Each structure stands twice: as C-alpha cells, then as structure tokens.
Amino acid sequence: MAALDRVKVLVLGDSGVGKSSLVHLLCQNQVLGNPSWTVGCSVDVRIHDYKEGTPEEKTYYIELWDVGGSVGSASSVKSTRAVFYNSINGIILIHDLTNKKSSQNLYRWSLEALNRDAAPTGVLVTNGDYDREQFADNQIPLLVIGTKLDQIPETKRNEVLTRTAFLAEDFNAEEINLDCTNPRYLAAGSSNAVKLSRFFDKVIEKRYYLRDGNQIPSFSDRKRFGGGALKTLHYD
Amino acid sequence: MSFLIDSGIMVTSQVLFFGFGWLFFMRQLFKDYEVRQYVVQVVFSVTFAFSCTMFELIIFEILGVLNSSSRYFHWKLNLCVILLVLVFMVPFYIGYFVVSNIRLLHRQRLLFACVVWLTFMYFFWKLGDPFPILSPKHGILSIEQLISRVGVIGVTLMALLSGFGAVNCPYTYMSYFLRNVTDADILALERRLLQTIDMIISKKKRMAMAHRTMFQKGEVHNKPTGFWGMIKSVTTSAPGSENLSLIQQEVDALEELSRQLFLETADLHATKERIEYSKTFKGKYFNFLGYFFSIYCVWKIFMATINIVFDRVGKTDPVTRGIEITVNYLGIQFDVKFWSQHISFILVGIIIVTSIRGLLITLTKFFYAISSSKSSNVIVLLLAQIMGMYFVSSVLLIRMSMPLEYRTIITEVLGELQFNFYHRWFDVIFLVSALSSILFLYLAHKQAPEKHMAL
C-alpha cells in the first residue's frame, strides 16, 4: 500500500490566496466547498504517474504540504514553520492575481523556505532582499500558480498576465493561471495539466534519478560546503 | 479677521492629521494588503483627523491660543462633523462592505446596506434608555442625545481596554511570570508534530490508493446509506476495499491534534524568545518597570472600589489638588495661575499622547491578528468606529483632569450631560474588566505548565 516512493512538495503563499482550495483540487479532483483558515500545516497526497505512457512509467506519491500563515508573522511563528521546510523536493508558489502584494511577497516566501538552515533562529540572513543569483543556483524546482483568474475583467487580463510572466521568469519557473473553483482549468489534456505533470516529473527526476545513491545536498548545504563536494551530481 | 486666521490654522492642522492618518493606514495597517477601495482609507483618515482636532482644541483651550469665540465655533463644528461620521457614515459603510461580501445579497447591496444601517440606528437609540444620562429638556435630534450614547459606548470600551491593559502590562513585563522553556522541550514537541503529520500522510496515502484502485476497476463508489445499508455492508464488504469513512474520521482527529501541537510549539518559541529578551538590558529595564506598573494597577483597582463603595466623585482635579497640597502643607509659594496652566498642559498632553499611541498600537495588533484579505475592509472600518468613539469619550473623561477654568468650554459645548455618571460607569467597568483579566490570566497561566507535564 505505502510501498511507493514519495516526494515532498511545499505549497507556499499569502493568507487567502487559495492554497487549500488548490491542494484539494489537485488531490481530490473536487472543488473545496468550505475553505477555512489553515492553522499550521495541512497535508494531502496525490498519486502521480511518472513518465506516463512510456515503458518506464512508475507511480509515486506526491505529498503536498500546505503551510498556512503570512510572511509578516512574528519570528516565533516563523521558527515554528521552519520545521516543515526539511528535505523538500519542490515548491509551488501561489499568488492571487487580484492582489499585487501577494505576488511581491512570493520572493520573501521562497527565501524563507530555501534559507531554512541559514540561521537556527529562523532569521533570514539576506534580510529579505531578492538576489537573482540565489535562484539561478537553486536546484529545487519551482512552479508559480496565479489564482482567482475569473475575477480579473477581460480588459485587464493582458496586463496582469504580462506581469506574472515576468514573475515566473524571475524564479526560473513555469507558471499556471487558474481559478480554484473551476476544475475545467486542470482538465486532462489541457496545457495547464501538461505543465503540472511536467513539474511533478521534474521534481521526481531531481529526487530519484539524478544521483548515484547519494543524497542531493540541500540549498544551504551547498553554501556551507562551497560546492566542492558535489562531484556526484553530474550525469554519467 | 482673527476668525479667518484661526480657521486657517485649524484647517491646516486638520489636513496634517488627515495626512498622518493616511500614512498610518498605508504603512502600518494595510502593509500586506492592496487598497482597492479608497473610500475606506479616506473614511479612516477623516475619523482620525477630526478626533485629533478635538484634542488639539483642548490644548488650545489650556494654552489660551486663538480667539475664544472662534474656539467655541470650531468645537461645535468639529463635534457635529465627528458625530455625523460616527453615527451615519461609518456604520453605513460597514453595512455596505459586509453585505457585498455575502454573495447572495450582492445585487441589492445598497438596499441591504440601508436596512443594516436602520437596524443599527434602532439599537443605538435604544441604548440610551436604561442610562440616566440626560435631563429631559432636550429634543430628539440634538447633539446631546447623540453624544450621550456615543459616550456610553466609548466609555465602556475605554474602561475595558484600560482594565485589561492595567493587568496585562505588568504580566508581560515582569519575568517572574515567564515559564521555563528549554530547547529540549521545543525539540520534543516538534518531533511529536512531525510524527502526527507522518501519520496523517500515511492514512491519506491509503485513502488515495483505495480511490485509485476503485476508479480503475470501474466500481461505483457506493456509500452505505440508511440502516439496512449499514447492516448489509458489515457482511458483504469486499476484502480489498477499506472502510474509507473510518479512516477519514481518524484523519480529522489527527489533523485537529496537529493544529493543537503547532499552536503549542509556536507558544513555546514565543516564550523562549521572551526569556532571551529578558536577559538583555532593555528586558531588565522593562522588568523593573513592570514592578512599578503592578503597584499602579493595584492602586487603581483600590481607588475604583473606594469610589464605588463610598459613592464618591472627585470634585477637584489632580493639578489643583497637587498645588493645594504643596502650598498649604509644604509651604512653598509660587505663582499658582502660571504654574497651574503649564502643569495642566503637560499632564493633559501626556494623557492625550499616550492614549492615542496606545490605542493605535492596540488597533494594529488586533488588525494583524484577525484580518484576512476578504474582511480587511470591514475590520478597518470597525476599528475606525472604535477609535472615534474612544476619542470622543476621552474628551468627556479628560474634563475631570483639568482645572475648573478650562472645563467650561467642554461643559458649554456638550451641554448638560451628567458627567458624574460617566465617571461612575468607567469605574464600574474598569473594576469588572481588571478583575476578570486577573482571573483569565491566572487560569491561562495555571493551565499551560500542566499541558507540558502531560507530554
């Protein structure tokens, strides 16, 4: 039953953007009827077929860890949240298309998750400034999802979509824009479903197929060892 | 001519206060949200500006700045505007935003907002009946009617906040009350949290796998319905299928547990940070202050009890009393008139500044704690309402701290309110609030170490 391998994907974003709705949609294929505040972390599981349709098809469990809260929380809450950021294999960043601040806060969210080991008290070493080099160096796959697409009037859609394209480019990630209350956006065969599938495949690949039995050092380990001990990361 | 200059000064200061309120709103309150309805920001800043102007007029009264008749005029004007805002504008907008959040009523927003406002007015009016706040000479639509009711609500709020603050302040400052938290405690709790989440994950994996096999086999997902259905399912359940609803219940219970553990862990982290803070210089300073504040708090509770028991209302204000004592008992002679003006200015100034600052900080904390992106507009407007009522009743109560010659303007403008009633009401609510806060904090403090013993 639980004999399949698993990967851990973190779902981050501001309060109220629709993380719980999206996770419910991805895992239960149903729209969440009564969304309420997430306290702490809520986890759900999706079964994914890696390399579907090919002879190397294999099934994996994808654990989606939906961490609640806001970037401006007290540092005690941040230290508590940091316990969920252990050994993550992928991050989904969610922002609200109708709220620009939630998109800007994604930088702070990703830094919080990726810098987890930088200081034991959870205080960010880089004081929240965005540093493109850190993201270029990053080995953990990211996916940017914009929600509440239906609430954007047609006239403003282009402007909003251009802005989010820049955002996704900054993170070196794919982007999906949808409405969590409408399962049509993730229907099988649509371009969004393909992007999602590709993202999960990438996460599984990085976790299981990119090393010769050694653990991939996390983002912070690389800072500690300075990249000298990573000879085993190359393809054969 | 001087009236024009005075009005010019007043208008400039009002614009300044408006700007400050605007900035406070943007930088502090709505830091993490996007302002989509500028109406909210304008209403908040207007309430703030007119409240601050009232305090400014009190200070001008003491210092003797500006012409006396123009002061009186501005008092009346200011009071009318702020009552208009507090009783008409803000409640209407609160109703409007609450109604627009509900999807069903979205079409007829304006209509339902008016209905909500009328209900509010009805209860607001009824509020005045049980209290002996007015002499029956006044008509229905006079300022005194409105202000008396606003005053009652505001004084209740002030007393509640003040009672809670007086007890909470020494509790948070003094390190005597800090529980001892070690790193091992935190690690143990975190481990429990992660274990619980792992259990949730494994159960969810079973459910997901069961759903998938059922979906692949093309089985219809038939839940046992009714009494006979349940009996049937006991005997005829297929060996491969799991009792999914049972697992779902277990998952729900585990999720509740994980939430509790998360909150406890956050609590422990916060306590650990406070312990570290108390070892710094600032922490020691606050600890020291805490002892003073606890004495002050005990004294205030004592005075409130005495006031109620002996039905005593102070006739003279602290400034005149202090001067009397120094002149009569200590025999120090000085120019009473000159000093009384300056001392009352300083005293009243300190009271005003600390109450404004305290209220803004409390409002900000409250806002961060309970707002979300949907309700932020409504909550900010509620806070603006509370702020306005708080400031209006501060003016009522501050009359007590001023010498007789400066009280006249407040008495003139506000008419014949029974000021003594407000002071008595404040004492009663303060006492109730302080005693219940002590009880509440005692219970919370007692309960916490027992939870950790059970680990």
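These legends describe several close-up views of a predicted model.

**View 1. Chain A combines seven helices with six strands.**
Along the sequence, the elements of chain A run β-α-β-β-α-β-α-α-β-α-β-α-α. The chain has 236 residues, and 49% of them are buried. Contacts in chain A with a separation of 6 or more are counted here: 68% of them link residues 24 or more positions apart. The exposed area of chain A is about 11,300 Å². Carbon and sulfur atoms supply 50% of that area.

**View 2. Six strands of chain A form an open sheet.**
The strand order is S2-S3-S1-S4-S5-S6, and the pairing is mixed. Strand S2 (41–50) and strand S6 (174–177) of chain A stand at the edges. Each has a single partner strand, so one side of each lacks a neighbour in the sheet. From one strand to the next, the twist averages 25 degrees.

**View 3. Strands S2 and S3 of chain A pair in the antiparallel sense.**
Strand S3 of chain A covers residues 58–67. Its pairing with S2(A) runs over 10 bridges. Cys41(A) stands opposite Val67(A), a residue of S3(A).

**View 4. Helix H3 of chain A packs on the sheet.**
This helix spans residues 100–114. H3(A) touches three strands of chain A: S1 (6–13), S4 (90–96) and S5 (142–147). The direction of H3(A) makes about 160 degrees with that of S4(A).

**View 5. Helix H1 of chain A is largely enclosed by the rest of the structure.**
How many residues of helix H1 (residues 19–28) of chain A are buried? Nine of the 10 are, so the helix is largely enclosed. Among the buried residues are Lys19(A), Ser20(A), His24(A) and Cys27(A). Leu22(A), Val23(A), Leu25(A) and Leu26(A) are also buried. The buried residues of H1(A) pack against strands S1, S2, S3, S4 and S5 of chain A. They also pack against helix H6 (191–208) of chain A. Just after H1(A) comes Asn29(A), with a positive phi of about 55 degrees.

**View 6. Four residues of chain B make a nonpolar surface patch.**
The residues are Met1(B), Leu4(B), Ile5(B) and Ile9(B). Their patch has an area of about 460 Å². Leu4(B) lies in helix H1 (residues 2–29) of chain B. Is Leu4(B) buried or exposed? Leu4(B) has 60% relative accessibility, so it counts as exposed. The cut-off for exposed is over 50%.

Technical notes
Residues are numbered from 1 along each chain as its sequence is written. Chains are lettered from A and ligands numbered from 1 in the order in which they are written. This is a predicted model: local features need pLDDT of at least 70, side-chain atom pairs count only at pLDDT 80 or more; totals for chains, interfaces and linings use all residues. Side-chain values use heavy atoms; hydrogens and water are left out. Helices (H or I, at least four residues) and strands (E, at least two) are DSSP runs, numbered from the N terminus. Buried means under 20% relative accessible area, exposed over 50%, partly exposed in between (1.4 Å probe, protein chains only). Contact means heavy atoms within 4.5 Å. Accessible areas come from the Shrake-Rupley method with a 1.4 Å probe; for residues, only the protein chains shown count as cover. Two strands pair if DSSP finds at least two bridges between them. Axes are lines fitted to C-alpha atoms, for helices over the stretch in contact, and angles run from 0 to 180 degrees between N-to-C directions. Patches are made of residues with over 30% relative accessible area and no salt bridge: like charges are joined within 9 Å, nonpolar side chains (Val, Leu, Ile, Met, Phe, Trp, Tyr) within 5 Å. A salt bridge is a side-chain nitrogen of Lys or Arg within 4 Å of a carboxyl oxygen of Asp or Glu.
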